[in-house]
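I opened a fresh notebook page for this structure, and I wanted to write down what I looked up in the order in which I looked.

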Amino acid sequence: MVNIDKNKYMETMAIDNWVLACYADDVPENGGACVKLGNEQIAVFNFTRRNEWFATQNLCPHKQQMVLSRGMIGSTGEHCEPKVACPFHKNTFSLISGQCLTNEDLSIKTYAVKVEDGKVFIGL
């Protein structure tokens, strides 16, 4: 898990519905990091193999644990849909829709992401 300096993010601010979540350098390539915005933990993923960024809730709905930012990311299916696998329970979620790909009763919240000038913004 990436440890993010909380003091570094005291400057968090809303910009036209976008909130500064972290700096791009804080999120490992082809991995994730957890960012706390208000009372919510958000998993931010830097999917460099696809040259894309994604964000989801950090809470795995299966056992109610804050672990998704530590999950493995990859692609699945005919359309190479980006996904994250819970590191504990192996349930797999679409990074686009949030739908669980291994258990239709589960889903997670997803967020829009944009990166500008080395800063990662989450659309809330």
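The entries below go from a small sheet to its turns, then to rings and charges.

**Entry 1: the model**

I noted at the start that this is a predicted model.

**Entry 2: a sheet of three strands**

I looked for the order of the strands and found an open sheet of 3 strands, ordered 8-9-10, in which the pairing is antiparallel. Strand 8 and strand 10 are the edge strands, since each of them pairs on one side only. I also looked up how the neighbouring strands of this sheet are turned against each other, and the average is 35° when direction is ignored.

I then went through the pairings one at a time. Strand 8 covers residues 72-76 and strand 9 covers residues 81-85, and 5 bridges join these two antiparallel strands. Within this pairing I found Met 72 opposite Ala 85 of strand 9, and I found that Gly 74 has Lys 83 as its bridge partner in strand 9. On the other side, strand 9 is joined by 3 bridges to strand 10, residues 92-94, and these strands also run antiparallel. Here the bridge partner of Val 84 is Phe 93 in strand 10.

I added a reminder about strands in general: in a regular strand the side chains alternate between the two faces of the sheet.

**Entry 3: the turns and the positive phi angles**

Next I followed the chain through the two hairpins. Strand 8 and strand 9 form a hairpin with 4 residues between them, and Gly 77 in the turn has a positive phi of about 80°. Cys 80 lies in the loop between strand 8 and strand 9, and I noted for Cys 80 a positive phi of about 50°, although this residue is not a glycine. With a relative accessible area of 43%, Cys 80 is partly exposed.

The hairpin of strand 9 and strand 10 has 6 residues between its strands, and there Lys 90 takes a positive phi near 65°.

I also looked up Asn 51, which is not a glycine and yet has a positive phi of about 60°. Asn 51 is found in the loop between strand 4 (40-47) and strand 5 (52-57). Is Asn 51 buried or exposed? Its relative accessible area is 70%, so Asn 51 is exposed, the cut-off being over 50%.

**Entry 4: the aromatic pair and the charge beside it**

How many aromatic pairs does a search of the whole structure find? The search gave 1 aromatic pair. The partners are Phe 47 and Phe 54, whose ring centres are 6.4 Å apart and whose planes stand at 65°, so the pair is edge-to-face, because planes over 60 degrees apart count as edge-to-face. I looked up the accessibility of both rings' residues: Phe 47 counts as buried at 1%, and Phe 54 is buried with a relative accessible area of 8%.

Arg 50 lies over the face of Phe 47, at 5.6 Å from the ring centre. The side chain of Arg 50 also meets that of Glu 52 in a salt bridge, at 2.6 Å from N to O. I noted that Arg 50 counts as partly exposed at 26% relative accessibility, and that Glu 52 is partly exposed too, with a relative accessible area of 29%.

**Entry 5: Lys 114 and its surroundings**

I counted the salt bridges and found that the structure holds 2 of them. Besides the one already noted, the side chains of Lys 114 and Glu 116 meet in a salt bridge at 3.7 Å, N to O. Glu 116 is partly exposed, with a relative accessible area of 40%.

Lys 114 lies in strand 11, residues 110-116, and it counts as partly exposed at 27% relative accessibility. The charged end of Lys 114 sits over the ring of Phe 121, 5.9 Å from the ring's centre.

Which residues is Lys 114 in contact with, leaving aside its neighbours within four places in sequence? I found Trp 18, Lys 119, Val 120 and Phe 121. Of these I looked up Trp 18 separately: Lys 114 and Trp 18 are 96 residues apart in sequence, and their C-alpha atoms are 8.6 Å apart in space.

Notes: Residues numbered from 1 in each chain as written. Heavy atoms only, no water. Pairing = 2+ DSSP bridges. Phe/Tyr/Trp six-rings, centres within 6.5 Å; stacked < 30°, edge-to-face > 60°. Buried < 20%, exposed > 50% of the residue type's maximum accessible area, 1.4 Å probe, protein only. Lys NZ or Arg CZ within 6 Å of the ring centre and 35° of its normal. Contact = heavy atoms within 4.5 Å. Axes fitted to C-alpha atoms, helices over the stretch in contact; angles between N-to-C directions. Salt bridge = Lys/Arg side-chain N within 4 Å of Asp/Glu carboxyl O.
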